[in-house]
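Please open the model in your viewer and keep the sequence panel beside it, since each stop on this tour begins with a selection.

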Amino acid sequence: MSSPYTPATPAVRKPGDALQLLHTCLEQTIQALQATGIATETELARMQAHFERSVNQGEPLDLLEILARVQGAEEEHVGIEVARITHAVSMVIHPSPPLVPFAGKLIAPSAFYESFDQLHHTARALLSPILYAEDTDAVGTGALNPIAARIMADEILNGVNRRFGIKPFVTAVRMDYESWSFLTRKHFGL
């Protein structure tokens, strides 16, 4: 197994800068994928090009789903291939967000999204929906890409802390493809 992946120190940025967060997610995901050996440099370059096109068009796409498709996954097998890639990435990042198979059954936290519009925008960009929000004391997020989930968790922590001066308990989890697809449609209209 490869050595543990440690993300680079993030650049100083304006809070809620979704474009910078997407670039951070891209860089850290590529580093993690390189550590896994699960993709060739050509596949990573194709994934990056497709992702950057989607960002420029304002149409969010998940990096690991793009990679599964770049590697030739047919539509009916995308979920299985994404699970394989997600598992590999989760093995090289520490701590690794756990897989939560029931995430798609949780009720959308509409009041939280209304209260934190910028976090809703960031969650949409990272495709990491808020799974639950118990007031602002405990908030959870999830994504296909465990790196996106961790970045979103940090944004939640910082956003709530800036507004209320408290540090909530924030969890980040991995989601299965079907739950994630359902929630991104439900939460973000995708």
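Begin by selecting G142, which stands opposite V173 in β3. As you look at this pair, bear in mind that the model is a predicted one.

**The sheet**

Extend the selection to the whole of β2, residues 138-143, and to its partner β3: six bridges join the two strands, and they run parallel. Now add β1, which is joined to β2 by four bridges in an antiparallel arrangement. With the three strands shown together you have an open sheet in the order β1-β2-β3, and its pairing is mixed. The edges are formed by β1 (130-134) and β3 (169-174), each of which pairs on one side only. If you turn the sheet in the viewer, you can compare the directions of its strands: neighbours are turned by 10 degrees against each other on average, when direction is ignored.

Strands of a sheet pair through backbone hydrogen bonds, either parallel or antiparallel. For the antiparallel case here, select E134, which stands opposite A138 in β2. Three residues lie between the strands in the hairpin of β1 and β2, and in this hairpin D135 takes a positive phi near 55 degrees.

**Two backbone stops**

Which residue has a positive phi although it is not a glycine? Select L127, where phi is about 55 degrees; this residue lies in the loop between α6 and β1. Next, move to H94 and P95, which are joined by a cis peptide bond with an omega of about -5 degrees. P95 belongs to the loop between α4 (78-92) and α5 (110-115).

**A helix pair**

Select α6, residues 117-126, together with α7, residues 146-164, and look along their axes, which are 10 Å apart and packed at an angle of about 175 degrees. Because of that angle, α6 is roughly antiparallel to α7. To see the contact itself, show the side chains of L119, T122, A123 and L126 on α6, and then those of A148, I151, M152, E155 and I156 on α7. Sorted by class, this contact of α6 with α7 has seven nonpolar residues, one polar and one charged.

**Empty space inside**

Rolling a probe the size of a water molecule over the atoms shows where empty space is left. In this model the count comes to one cavity of 30 Å³ or more, and about 60 Å³ of space lies in the largest cavity. To outline the largest cavity, select L22, C25, F51, L61, D62, L63, A125, L126, L127, N145 and A148. Among these lining residues you will meet L127 again, the residue with the positive phi, and also L126 and A148, which take part in the contact between α6 and α7. At least two residues of the lining come from α1 (18-36), and at least two from α6. By class, the lining of the largest cavity has nine nonpolar residues, one polar and one charged.

**An open pocket**

For the last stop, select A18, L19, L22, S54, V55, G58, E59, P60, L61, H121, R124 and A125, which line the second largest pocket. About 200 Å³ of space lies in this pocket, and its lining draws at least two residues from each of α1, α2 (41-56) and α6. Which classes of residue line the second largest pocket? Seven of its residues are nonpolar, three are polar and two are charged. L22, L61 and A125 deserve a second look, as they appear in the lining of this pocket and also in that of the largest cavity.

How values were computed: Residues numbered from 1 in each chain as written. Predicted model: local features only at pLDDT ≥ 70, side-chain atom pairs only at ≥ 80, totals over all residues. Heavy atoms only, no water. 1 Å grid on protein atoms, 1.4 Å probe; cavity = no way out; pocket = protein on both sides within 12 Å on 5 of 7 lines; lining within 4 Å. Points joined across faces, edges and corners; volume = space filled by probe spheres on them. Nonpolar A, V, L, I, M, F, W, Y, C, P; charged D, E, K, R; others polar. Axes fitted to C-alpha atoms, helices over the stretch in contact; angles between N-to-C directions. Parallel < 35°, antiparallel > 145°, perpendicular 65-115°, else oblique. Contact = heavy atoms within 4.5 Å. Pairing = 2+ DSSP bridges.
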